[in-house]
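Reader: I am new to this structure and would be grateful for a close look at a single part. Please take chain B, with its sheets and its contact with the other chain, and describe it in one connected account.

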Amino acid sequence: MRAFADLLERLVFTASRSAKLRHLERYFASAPDPERGWALAALADGFETRYATPAMVRALVEERVDPTLFRLSYDYVGDLAETVSLIWPAVGSATVTEAKQAGEAPGLAEVVETLARTGRAERPALLADWLDRLDPSARFALLKLLMGGMRVGVSARLAKTALARFGGVELDRIEEIWFGLTPPYADLFAWLDGRAPPPQVDGRLMFRPMMLANPLEEADLEALAPDAFAAEWKWDGIRVQLAAADGEAKLYSRTGDEIGASFPEIAGAADFHAVLDGELLIVRDDVVRPFNDLQQRLGRKRVTRKQLAAHPAHLRVYDMLFEAGEDLRALPLDARRARLAAFVARANKSWLDLSPEVPFAAWDDLRAHRGDARDAGIEGLMLKRRDSPYLAGRPKGPWFKWKRDPLSADCILMYAQRGHGKRSSFYSDFTFGVWRGEEVTPVGKAYSGFTDAELRQLDKWVRDHTVDRFGPVRAVSFGLVLEVAFDSLHRSTRHKSGLAMRFPRISRIRWDKPAAEADRLEALERLIERPAAAPPAE
Amino acid sequence: MPATPGPDPESWLTVEAGGLYCRPGDFYIDPHRPADRAVVTHGHADHARPGNGAVLATEGTLAIMRARYGDAAWRAAQCAGYGETVRIGPVAVSFAPAGHVLGSAQAVLEYHGARVVVSGDYKRRRDPTCTAFDPVPCDVFITEATFGLPVFRHPPDAEEVAKLLAAQEAFPERPILLGAYALGKAQRLIRLLREAGVDRPIYLHGAMQALCDLYEAQGVPLGPLVPVAGADRKRLAGEIVLCPPSALADRWSRGFKDPLTAMASGWMRVRQRARQRNVELPLILSDHADWDELTATLEDVGAPRVWVTHGREEALVHHARARGFDAKALSLVGREDEDADGEESAP
């Protein structure tokens, strides 16, 4: 637990990717089994079960600490797990016995394995015993692990990248088997240590790493031969993988999370044997609905009949990884696509169709189509080399996404926050707004789109025009206009302005433009995404 | 301690607009606006301010004030060693070590048989750069409460120094920018690093130099120190550069190549505060007493009455009352958190 807690502590305060990787690699190299395996599980996926509730933890601490002192401390610290980890009576105090002082602090493996065989009623006593035996930073790690909400800024991908470096193997090899492995990953570590061959996994319904596209720069086009590429629409849904075999099916998000329960009309009806790659959409009366409609369905454990009727899910497929157990990934795209077209026709499902190819002869044909993309409610175009095998990750060259031109608005800089890591001496996170009547209302936040030189200028402007400070945030006078580019705009009840921007970034700094001429809220409202009127041209 | 025969200390030691005031002696203790006569407990800028008339302090504190304020430090200064008694009118004043920074003292005031100890800022753990706190039995003990909440328990110094050395070992290609209060914390850190076996030069931000020189002149050896101003900032891989906390987020820090930022402060105990400072390596190291030290000190001193000055008074007063002390909060203005970006940290 000690080493794991130290690792978490370092990760939480480390901003740079390479430094995080170094911390992870050092940990995997030094921690024993099965400790490091459970740590990997906690970092990559978190624990699904909430073994401890806030009420349970509060009750435990109030048995040990003066309630007034606890209340004052909690008010000051603001986080329950942290307050408890700090205020818990230290080893050597009256409530912690001599025997415990002499005893070993529990390891992560002991914690996980004990919880697995302990009933709910015994958990408070168990937790109290562990807290007695740990130091504050390990108590914090334990509480966050058991209560959920451990945010250390490490993605599963980053943890696996560190593993690959530690073991000296290709990341793809870990990704390929990852979803067939289970904690504490003894077989994986045995392989990475060089003590055993790669683990054997059951791959029937396993998530396979996806092939991702790189953004296309217009300048790249001239170097590409049009006849080597196939074009498809880039649908504005979420990328999914459907794995079905033996009457069972699993629907995975891009990161390998299983989301089938939220979409029973698909996961419960896939009675074939294949692994398909496609876009999850809401399609009603043959019309693809805006992304916001899909959001109504995401993340639900149970779906009502009403939701199924109001927002019916649809799978629009564009690739096939396996058919009847046969791995198609090494085949060229054209061959996979032909197999997929035949497969979709045979399957004959109302919720399943093939994403059509967009025919073109020259790049200019596609440029014209791309101009229509916004009206059609889709995100742009995909270009895929016809001879490309299906490769894990984001290889450079075979696949491109060619997004429609972004929307833009002239907004007023309102607040600036200091950045992290290399940017910690710069005000680099900007909140901006537009006019609503005589006031400025915030509409979004951006921290990219400018050059380093522009960042210096922005930083200086912020320092020179500060009117108020709140910790790391400065409020500035309303005098600088930022041209903000964004992919789309949606209604939102969570924001004061009633709007939510997707992917905002700063496209230009309008040093020349007076704040009074920045956009008004009404102008932005006219840009809100509407459903596609008709399917795009085929 | 016999029953107090004279007037109640509340009648002769009061909080006035200028700070804590001793009426029969007509002097202030750590006044926060210029006073004709001042007793100064230690050299931090929120306790020792310029422009006073007559100043009574220890030799270390006077040296610090002189170094910082030059001729503006006072009109007349009087030095008193620990344990030496000076009469100011009818009041006997002496100093006892406070263990906070070089020269830091508790002011012990005796009047009509009653003894009041104004502790100033203090800590109880070992500090290789100053004399350890000495509990003085008294009728009224006036204590600070900077870390007066039971969530503040500073870990052993050696653990924090070990964290720093581990980071240095993990990232040998990065310079470590270590933010620390320029008076006291910086020199203590240097000594702790020396004790941990670091004998390489330690680099200094310009704001650190004068006080490090002063510590050395006062007999605290700090080993090889190099001003960073003259060094090639691109060639400081693996070196430790000490700077005031505010310099970490200042334009000053931009010249270094991929620096690892660290900060030593008692506030680093609370993640949210550490994250607000945007540092990669928070070190929990304070020159103030933590909760356990504060509460143990009340017992060690054994004064029946406890007055709590700046900090999180409410919790300490609550605790002291529960332990049977007659405790109350004294609201003193003008005291800063230990790593506030005050003048201490100007470049």
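Author: The account below takes the sheets of chain B in turn, then the contact, and ends with a short view of the other chain. This is a predicted model, in which local features need pLDDT of at least 70 and side-chain atom pairs count only at pLDDT 80 or more, while totals for chains, interfaces and linings use all residues. Residues are numbered from 1 along each chain as its sequence is written, chains are lettered from A and ligands numbered from 1 in the order in which they are written, and side-chain values use heavy atoms, with hydrogens and water left out.

Helices (H or I, at least four residues) and strands (E, at least two) are DSSP runs, numbered from the N terminus. Two strands count as paired if DSSP finds at least two bridges between them. Strands of a sheet pair through backbone hydrogen bonds, either parallel or antiparallel.

One open sheet of chain B has six strands in the order β14-β13-β15-β12-β16-β17, with parallel pairing. At its edges stand β14 (225-227) and β17 (281-283) of chain B; each has a single partner strand, so one side of each is left without a neighbour in the sheet. From one strand to the next the twist averages 25°; axes are lines fitted to C-alpha atoms, for helices over the stretch in contact, and angles run from 0 to 180 degrees between N-to-C directions. Within this sheet, β12 (residues 176-179) and β16 (residues 260-264) of chain B are joined in the parallel sense by four bridges, and B:Leu178 stands opposite B:Ala262 in β16(B). Helix α5 (residues 206-217) of chain B packs on the sheet, where it touches β13 (202-204), β14 and β15 (240-243) of chain B, its direction making about 110° with that of β13(B). Contact here means heavy atoms within 4.5 Å.

Another open sheet of chain B has seven strands, ordered β7-β8-β9-β10-β11-β18-β19, with mixed pairing. Its edge strands are β7 (85-88) and β19 of chain B, each of which pairs on one side only. Here the twist averages 25° from one strand to the next. Strands β9 (residues 105-111) and β10 (residues 114-118) of chain B pair in the antiparallel sense over five bridges, with B:Val108 opposite B:Val117 in β10(B). Helix α7(B) lies across β11 and β18 of chain B and runs at about 170° to β11(B). Helix α8(B) also packs on the sheet: it touches β11, β18 and β19 of chain B, and its direction makes about 170° with that of β19(B).

Helix α8 (residues 313-322) of chain B deserves further attention. Its residues B:Glu313, B:Ala315, B:Leu316, B:Val317, B:His319 and B:Ala320 are buried, a term that means under 20% relative accessible area (1.4 Å probe, protein chains only). These buried residues pack against α5 (67-77) of chain A as well as β11 (140-145), α7 (291-301), β18 (305-311) and β19 (326-329) of chain B. After α8(B) comes B:Gly324, with a positive phi near 95°.

The helix leads to the contact between the chains. Chain B contributes 37 residues and chain A 35 residues. Between them the two chains bury about 3400 Å², 53% of it on carbon and sulfur atoms; buried area is the accessible area (1.4 Å probe) that two parts lose on being put together, summed over both. On the side of chain B, B:Arg254, B:Arg271 and B:Asn278 lose the most area to chain A, together 22% of what that side buries. Five salt bridges are found across the interface, each defined as a side-chain nitrogen of Lys or Arg within 4 Å of a carboxyl oxygen of Asp or Glu. A:Arg22 forms a salt bridge with B:Glu173, their closest N and O atoms being 2.7 Å apart. The elements of chain B that give two or more residues to the side touching chain A are α3 (157-170), α6 (271-276), β17 and α8. Of that side, α6(B) gives the most, with six residues.

In chain A, strand β5 (residues 274-284) is mostly covered, with 10 of its 11 residues buried. Seven bridges join β5(A) to the antiparallel strand β3 (residues 238-245) of chain A, and nine join β5(A) to β7 (residues 313-323) of chain A, again in the antiparallel sense.

Conventions
Buried < 20%, exposed > 50% of the residue type's maximum accessible area, 1.4 Å probe, protein only.
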